[in-house]
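Reader: Hello! Could you walk me through the model shown here, with a little reasoning at each step?

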Amino acid sequence: MRMISLDTAGLTTRDEVLVRLGEALEFPDYYGRNLDALADCLRDVNEPTRLEWSGWQDLQASDATSFGRVMLVLDDRADVAPEFTVFLVDAD
């Protein structure tokens with residue numbers, strides 16, 4: 001299983017988080033850094049993947065709607081094979 005650590009501490013906008021997600025998941029250069037592009041590129045993840053996301057609280061606190069939308073896209077991907085799991089890591 002592929003293990004990915006994503007740290008978005010200090011990032012308070014959806015655009016910033018989408019950029020960091022693309023970097024962490026090593027999306028191709030054509031990744032559009034929007035929710036549709038995130039969904040499209042997640043479909044191309046072809047091996048079981050565990051994404052551990054720390055710092056998510058900053059986006060949730062500053063823009064709960066955007067946080068919810070990003071989570072919906074990630075959750076939709078979790079419903080198809082191969083396995084894709086997101087763990088929200090609490091700050092220490």
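**Salt bridges and the sheet**

Author: Gladly! Arg-20 is partly exposed, with a relative accessible area of 31%. Please keep in mind that this is a predicted model.

Reader: Which residue forms a salt bridge with Arg-20?

Author: The closest N and O atoms of the pair are 3.8 Å apart. Both residues sit in helix H1, 3 residues apart, so about one helical turn separates them. The partner is exposed, at 51% relative accessible area. That partner is Glu-23.

Reader: Arg-2 and Glu-26 meet in a salt bridge too; how many residues apart in sequence are the parts they tie together?

Author: Arg-2 is buried at 18% relative accessible area, whereas Glu-26 is exposed at 66%. Arg-2 belongs to strand S1 and Glu-26 to the loop between H1 and helix H2, so the pair ties together parts whose separation in sequence is 24 residues.

Reader: Which residue is the bridge partner of Ser-5 in S2?

Author: Strands S1 and S2 run parallel and are joined by 6 bridges. The residue in question also forms a salt bridge with Arg-50, with the closest N and O atoms 2.7 Å apart. Its relative accessible area of 26% makes it partly exposed. The bridge partner of Ser-5 is Glu-52.

Reader: Which strands stand at the edges of the sheet?

Author: The open sheet has 3 parallel strands in the order S1-S2-S3. Each edge strand has a single partner, so one side of each is left without a neighbour in the sheet. The edge strands are S1 and S3.

How values were computed
Residues numbered from 1 in each chain as written. Predicted model: local features only at pLDDT ≥ 70, side-chain atom pairs only at ≥ 80, totals over all residues. Heavy atoms only, no water. Pairing = 2+ DSSP bridges. Helix = DSSP H or I, 4+ residues; strand = E, 2+ residues; numbered from the N terminus. Buried < 20%, exposed > 50% of the residue type's maximum accessible area, 1.4 Å probe, protein only. Salt bridge = Lys/Arg side-chain N within 4 Å of Asp/Glu carboxyl O.
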